[in-house]
Amino acid sequence: MLYGIAAAAATLLLSALLTGVLRVPALRLGITDRRRRRPLPLSGGTAVALATVLVAAGADAAGLLPLGAGVGRMAGAAGCVALLGLAADLRRLRWWVTPAGTAVAAAFVVPYEETGVAAGVAAVGWIVVATAAFRALDHADGLAGTVGAVGAFGAAACATAELMDGLAALLGVLAAALAGFLLHNWFPARAGLGAAGALFTGFVLASSAVFVRAGQGIGAGAAVLYALAAIGCADAALVVLGRRLDRRAVTRGRPDHLGHRLRRLGLAPRAVPVLLGAGSAGGALVAVCVHTGRLSPGAAWWVAAAAAVLVLVLVRRPVTPVFRPRQRVASASSQVSERLRVRSG
């Protein structure tokens, strides 16, 4: 226990330090969030991945927190996924590249001897979907870090119940790394997570849930997996449904995620991660209770019902930006200037 607390504290400090130190190189290399008007360096993703892997590998090598062969292989595969995400941060990749790379990495970490081939293939598909859904949560300050840290604690509780100390240690280190990153990502953000950090975090969370439930009941396993990823699944469902209703391409980016629509309802920027983090905590609590047998698998239907209500309430909210009075005047002036320039040209 003492070693675990020391590792978590070291990871938090290292992640916070690396996120700040890597801001300047990220700006110079152009590793910034392209969706924002001002350059936001995506140094948090590299910091979270490096801090998690370095502390976990160091503690394992020293014999303080042994991870085990399976967990160590998962951490290595997550590092490869983070490198793929870093490539996506550096330049635009085709939409299918990151899911394909995630699927290859997942195929190497699923414990087929416990799941069987058919369930193992389904587990690979789930890891890809859950990782992509978590990546999409990186659209509002503090959101992905908050939901990721809560999910890591929930998965760690499930791992502890199964006496998987190595997996619980890795998840605890990940939660601490995300907490250190959040010191820079809380509104107004000074650093972002990016594809590297989001894919790394989502992959570790999804793979850990599969490890915990491997070889156990399929119904309860599906309930645990969904409850741990309920917020990410709700965001993905909202985006797909909204874009299909608007007859837009699903793979084309747009400000129509959970955080964007909640802001349209009038929520403050800092309230969005708090609200969705609370929802993630509720889902994680249900997952832990189902995993330990304190609740039946049917409890996950309540989580699904709450997510469905949220999606249906928000799906018809407009997603176009609303300008303040001064912004409207400036926008109108710029439009007039542009028209005059075109005519004179």
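This passage describes the cysteines and one helix pair of a predicted model.

A search of the whole structure finds zero disulfides. Cys158 takes part in none, and the nearest cysteine sulfur to that of Cys158 belongs to Cys289, at 9.3 Å. Because a disulfide requires two cysteine sulfur atoms within 2.5 Å, the separation of 9.3 Å between Cys158 and Cys289 leaves Cys289 without such a bond as well. With a relative accessibility of 2%, Cys158 is counted as buried, and Cys289, whose relative accessible area is 17%, is likewise buried, since the term applies to values under 20%.

Cys158 also appears in the contact between two helices. Two packed helices are described by the angle between their axes and by the distance separating those axes. For helix 8, which covers residues 143-161, and helix 10, which covers residues 194-213, the angle is about 20 degrees and the axes lie 10 Å apart. Helix 8 is therefore roughly parallel to helix 10, because angles under 35 degrees are placed in that class. The crossing of the two helices is left-handed.

On the side of helix 8, the contact is formed by Gly148, Gly151, Ala152, Ala155, Cys158 and Ala159, which meet Thr201, Leu205 and Val212 in helix 10. When the residues of this contact are sorted by character, six are nonpolar and three are polar, while no charged residue is found. Cys158 is thus a residue that is buried, that is in no disulfide, and that belongs to the contact of helix 8 with helix 10.

Notes. Residues numbered from 1 in each chain as written. Predicted model: local features only at pLDDT ≥ 70, side-chain atom pairs only at ≥ 80, totals over all residues. Heavy atoms only, no water. Buried < 20%, exposed > 50% of the residue type's maximum accessible area, 1.4 Å probe, protein only. Axes fitted to C-alpha atoms, helices over the stretch in contact; angles between N-to-C directions. Helix = DSSP H or I, 4+ residues; strand = E, 2+ residues; numbered from the N terminus. Parallel < 35°, antiparallel > 145°, perpendicular 65-115°, else oblique. Left-handed = near helix turned anticlockwise from the far one by under 90°. Contact = heavy atoms within 4.5 Å. Nonpolar A, V, L, I, M, F, W, Y, C, P; charged D, E, K, R; others polar.
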